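Student: I would be grateful for a close look at a single part of this structure, namely the surroundings of one side chain in its interior. Please then relate that part to the rest of the chain.

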Amino acid sequence: MVTSNFQNQIWNGVGSTVTGFRNGLPFVGRMTGIRARAGTDLQMAISTEHESFLMSSQEFERTGGRILVEEDA
């Protein structure tokens, strides 16, 4: 289950750099959009240099996803 603090970071993170794993491979990209899904999940739109994709906040957290704040970047 995604924690409320993590969901708040995701909800306010549009435009932020994000890192994580998708299909077992690491990625670095930019969160370009967010929307609420049924229940308590959020869906993130992420663009990398090579592709754009959608990822649920639950999958993002489960695979070790991070939202980089300016001092991290």
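Tutor: Let us begin with isoleucine 10. Leaving aside residues up to four places away in sequence, isoleucine 10 touches Met31, Ile34, Leu42, Met44, Ser57, Phe60 and Ile67. The model is a predicted one, and the contacts are to be read accordingly.

Isoleucine 10 belongs to the largest nonpolar core, a set of 12 residues. Its members are Phe6, Ile10, Val18, Phe27, Met31, Leu42, Met44, Ile46, Phe53, Met55, Phe60 and Ile67. Two or more residues of this core come from each of α1 (4-11), β2, β3 and β4. The greatest contribution is that of β3, which supplies three residues.

From the core we may turn to the largest pocket, whose volume is about 180 Å³. Its lining consists of Arg22, Asn23, Leu25, Pro26, Phe27, Val28, Thr48, Glu49, His50, Glu51 and Phe53. Phe27 and Phe53 thus appear in this lining and also in the largest nonpolar core. Strand β2 (residues 25-36) provides the largest share of the lining, with four residues. Sorted by class, the lining comprises five nonpolar, three polar and three charged residues.

Two of the residues that line the pocket, Arg22 and Glu51, also form a salt bridge with each other, their closest N and O atoms being 3.2 Å apart. Arginine 22 lies in strand β1 (residues 17-22), whereas glutamate 51 lies in the loop between β3 (42-47) and β4 (52-56), so the pair ties together parts that are 29 residues apart in sequence. Arginine 22 counts as partly exposed, at 26% relative accessibility. Glutamate 51 is likewise partly exposed, with a relative accessible area of 39%.

Side chains of opposite charge can pair when their charged atoms come close. The count of salt bridges in the model comes to two. Besides the pair just described, aspartate 41 and arginine 37 meet through their side chains in a salt bridge, at 3.4 Å from N to O. Here the two partners fall into separate accessibility classes. Aspartate 41 has a relative accessible area of 9% and is therefore buried, the cut-off being under 20%. Arginine 37, at 35% relative accessibility, counts as partly exposed.

To return to the starting point, isoleucine 10 touches, among others, Leu42 and Met44, and these two residues are also listed in the largest nonpolar core.

Terms used: Residues numbered from 1 in each chain as written. Predicted model: local features only at pLDDT ≥ 70, side-chain atom pairs only at ≥ 80, totals over all residues. Heavy atoms only, no water. 1 Å grid on protein atoms, 1.4 Å probe; cavity = no way out; pocket = protein on both sides within 12 Å on 5 of 7 lines; lining within 4 Å. Points joined across faces, edges and corners; volume = space filled by probe spheres on them. Nonpolar A, V, L, I, M, F, W, Y, C, P; charged D, E, K, R; others polar. Salt bridge = Lys/Arg side-chain N within 4 Å of Asp/Glu carboxyl O. Buried < 20%, exposed > 50% of the residue type's maximum accessible area, 1.4 Å probe, protein only. Core = buried A, V, L, I, M, F, W, Y, C linked by side-chain atoms within 4.5 Å. Contact = heavy atoms within 4.5 Å.
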